[in-house]
Structure formats: C-alpha cells, structure tokens
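Good morning, everyone, and thank you for making room for me today. Please take a moment with the sequence and the structure before I begin to talk through them.

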Amino acid sequence: MNRIFSGIQPTGNLHLGNYLGAIRNWVNLQDDYECLFCLVDLHAITVWQEPDELTANTREVTAGLLASGLNPNDNTIFIQSQVSGHAELAWIFNCVARMGWLNRMTQFKEKAGKHRENASVGLFAYPNLMAADILLYQATHVPVGEDQKQHLELTRDIAQKFNNDFKVDFFPIVEPLIFGPATRVMSLRDGSNKMSKSDASDYSRINMVDTADDIALKIRKAKTDPEALPDSAEACAERPEAANLMGIYAALADQSLEEVCGQFGGSTFSDFKKDLADLAIAKLAPIQEEMRRLMNDPAYVDGILKTGNEKANDLAAPVIREVQKIVGFLIP
Ligand code: AMP
Ligand code: TRP
C-alpha cells in the first residue's frame, strides 16, 4: 500500500515557495494516494514561537492548504502535537539515530549558524522527529521541496537501522517525491538563498496573503542582472536571479523553463516582470480569496483539524503499540 505523508511548519509567512515546491504537488497527488498532511507545531517550537502567534499561524497555514485545494474529506489534515505518537516515536528514534548522522545535517548548520551552543536541543534532534512523523504512519512517499532531501535520506537510514537492530521488516524505506519546475524557489533579493518564512526581509518572498499591489511591488523590486533575459535553460545556469524569476513563471504558467526562455529570451527584465506580476496575481487571487474567507471562519478550520487529529490518532495507535512490543517495552 502506498501512503503519502508530508508536513509544514505553522510559522506564518506562508509563501510562494511553499506553494510551488510543496502544496501544489500535494493537491495533484491527493486523488491517487491515501494522504496525511500535518501542521508540524512540535517542529515549529525548535525555535522560539510566541504562543498566540503559533495558534493563529496554525489556523492560517491550514486555511492556506484548504484554499489551495486539499480536500479535507479525502485527506487527513491534522496537528502534530495532538497525536502523542509523534513525540513517542521521536524519542525512540533519538536512541536509534547517531550523533554523527545529525552532525551532518545542513539545515541545522544553517539555522544554528554561529550560535550552535545556544541552539535548542530540539533543533538538533529535528530530523529524528521528522522521521517519526513519516514512519508513525508507515508512509511510503513524501512530497517535499528540495531543501528536505537530506532529512529524507536520514529517515531512510533510521528506518533501516531500526529494522536491522531489531531484526524486523517493520518500517518502509521512504521515497522522496521532489518534482515540478519549482522544487527550490529562491529569494527575490538574492538568487543564491532559498525563499524562506524566516528571512528578515519581506521583499525576499511573495506571501500567500500579500495583496496584488504587494506582489507587483515585490516583483518590480526583485534583484536582476544587467543583461537581457537568457534564451535557453542552459544559459540560465549562470544567471541565478533570471533563472529564479523565469522558473517561477514556468511553474505558475504550467510551462517548462525552456518554453519560458523561448518566449521571453532577449526581452528586458522590466517587460518580463510586468507579465510575471500579472500572472502571479491572477493565479494566486482565487486561493487568497478563499484563504481570507476561511481565516474568518476559525470554527470551521478547527473542526477540520479536530476530525483530522482523530483519524491520525486511530492510524498511529496500533503502530506505536507494535513498536513498543518490538523494542521490548512491557505492556502489562
Ligand atoms: P516549511 O515552510 O519549511 O515548513 O516547508 C514546507 C514545505 O515547503 C516543505 O516541503 C519545503 O520543502 C517546501 N519549501 C519551503 N521553502 C521552499 C522553497 N523556497 N522552494 C520550494 N519549496 C520550499
Ligand atoms: N521539515 C519540514 C520542513 O521544514 C517539515 C516536516 C516536518 C516534514 N515533518 C515532515 C515534511 C515529514 C515531510 C515529512 O519543510
């Protein structure tokens, strides 16, 4: 049986990178797989979150998922902290994964930066919790953006070591699903940094809640280079900002990068940016309108999550019980 699991942090500033790199793919997969989508609030608190904002952002990101087209009846949409199996399995994986494995994680290095000694223990153990999220449901496929690839390799290592150590064939070896023309959307201010919720500059990203004017302004101000637009995908390789903007256009227009280069190669950035802004505004408008409507109806959003939490708990309970037996915990 194929089962999909993916997660998103409820940390505000849901952006175009999240939509193009992850959420839109989830919408396209939902008809063919049994899917679980999780608001990973335990992951969010690995860095400081204001409690009121965490609550509000959990509703906002859920509204974003629903507005993007995830169907809450066919999928399980739920909150990580409300299914205790995530934390329980993560603890067991803390005892399976090796320090050396986690020391290699580039996301920890990026997020902890020079202040490694001051980072939370949770931030270091983050990938073990992520492995627990997925394996708690024995999920087989995980659709994510490119930045999560290394964490999924660790998930495979943990599953393999658990199976080997306990001489069982219990956890599946998960397959990452990283696809589409926008697996890594870059910052609008710097083509060598990914677009991120935590970037201090709001001009670095297009937020799902931005107005049409915000979107047009941010695209107008986006960093470019002095040349005309490249006319082939190869020529994009040396031009990170052009490649990023043209990649965003391709993703929004459902075209290949090559097609967009054919259409706009040789044009000026200013002409292209007008077309890109019009396209982004047109594609995002219906999602944004629905998102605003849902954010004004927190009771509805909470109801969806409550049902999702129950479904997820029902799926997780027998797996946790089995893991406890495998590990040798006495269940009197
Ligand atoms: P996060 O916001 O870190 O919880 O990420 C949620 C999902 O969005 C994950 O699948 C990420 O891989 C994906 N994602 C985040 N940022 C980007 C980006 N700049 N480009 C493409 N995908 C992204
Ligand atoms: N670490 C992921 C991110 O920041 C979010 C996440 C948590 C996740 N658990 C997951 C993604 C399980 C896929 C599967 O984007």
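Let me begin with a word that I shall need straight away: two residues are in contact here when heavy atoms of theirs lie within 4.5 Å. With that in mind, and remembering that what we are looking at is a predicted model, we can turn to how the chain is divided. There is a domain 1, made of residues 3-182 together with 298-327, and a domain 2, made of residues 186-293. The centres of the two domains, taken over C-alpha atoms, are separated by 28 Å, and across the boundary 21 residues of domain 1 are in contact with 20 residues of domain 2.

Let me now go to the beginning of the chain, where the strands are. Strand β1 covers residues 3-8 and pairs with β2 in the parallel sense, over six bridges. Between the two strands comes helix α1, residues 16-29, and β1, α1 and β2 make a right-handed β-α-β unit. Strand β2, residues 34-39, also pairs with strand β3, residues 76-79, again in the parallel sense, here over four bridges, and in that pairing F37 stands opposite I77 of β3.

How covered are these strands? Five of the six residues of β1 are buried, and in β2, too, five of the six residues are buried. As a general reminder, in a regular strand the side chains alternate between the two faces of the sheet.

Now look at one pair of residues across β1 and β2. R3 stands opposite E34 in β2, and the side chains of these two residues meet in a salt bridge, with a distance of 3.2 Å from N to O. E34 lies in strand β2 and R3 in strand β1, so that the pair links parts of the chain that are 31 residues apart. Are the two partners buried or exposed? R3 has a relative accessibility of 10%, and because the limit for a buried residue is under 20%, R3 counts as buried. E34, at 32%, counts as partly exposed.

By the rule used here, the count of salt bridges comes to 13, and I would like to show you two others. In one of them, the side chains of D302 and R59 meet at 2.7 Å, N to O. This pair links distant parts of the chain, since D302 sits in helix α14, residues 298-327, and R59 in helix α3, residues 51-67, with their positions 243 residues apart in the numbering. D302 is partly exposed, with a relative accessible area of 30%, and R59, at 31%, counts as partly exposed as well.

The other salt bridge joins D210 and K218, whose closest N and O atoms are 2.6 Å apart. Both D210 and K218 are buried, and through salt bridges that share partners, D202, R205, D210 and K218 are joined into one network.

Let me turn from charged side chains to nonpolar ones. In soluble globular proteins, nonpolar side chains tend to be buried together. In this model the largest nonpolar core has 58 residues, and those with the most contacts inside it are L20 and F272. Helix α13, residues 269-295, gives the largest share of this core, 10 residues, and the core draws at least three residues from each of domain 1 and domain 2.

What does F272 touch, if we leave out residues up to four places away in sequence? It touches L229, L245, M246, Y249, V260 and F264. Apart from the largest core lies another one, of 45 residues, among them I92, M105, F108 and L152.

Finally, I want to point to two places in the backbone. Most residues other than glycine have a negative phi. N13, however, has a positive phi, near 55 degrees, and is found in the loop between β1 and α1. With a relative accessible area of 30%, N13 is partly exposed. Q138 is not a glycine either, and has a positive phi of about 45 degrees. Q138 is found in the loop between α7, residues 121-135, and β4, residues 141-143, and at 27% relative accessibility Q138 counts as partly exposed.

That is where I shall stop, and I am happy to take your questions.

Conventions
Residues numbered from 1 in each chain as written. Chains lettered and ligands numbered in written order. Predicted model: local features only at pLDDT ≥ 70, side-chain atom pairs only at ≥ 80, totals over all residues. Heavy atoms only, no water. Buried < 20%, exposed > 50% of the residue type's maximum accessible area, 1.4 Å probe, protein only. Pairing = 2+ DSSP bridges. Right-handed = clockwise from strand over helix to strand, strands pointing away. Core = buried A, V, L, I, M, F, W, Y, C linked by side-chain atoms within 4.5 Å. Domains from an automatic or database assignment. Salt bridge = Lys/Arg side-chain N within 4 Å of Asp/Glu carboxyl O.
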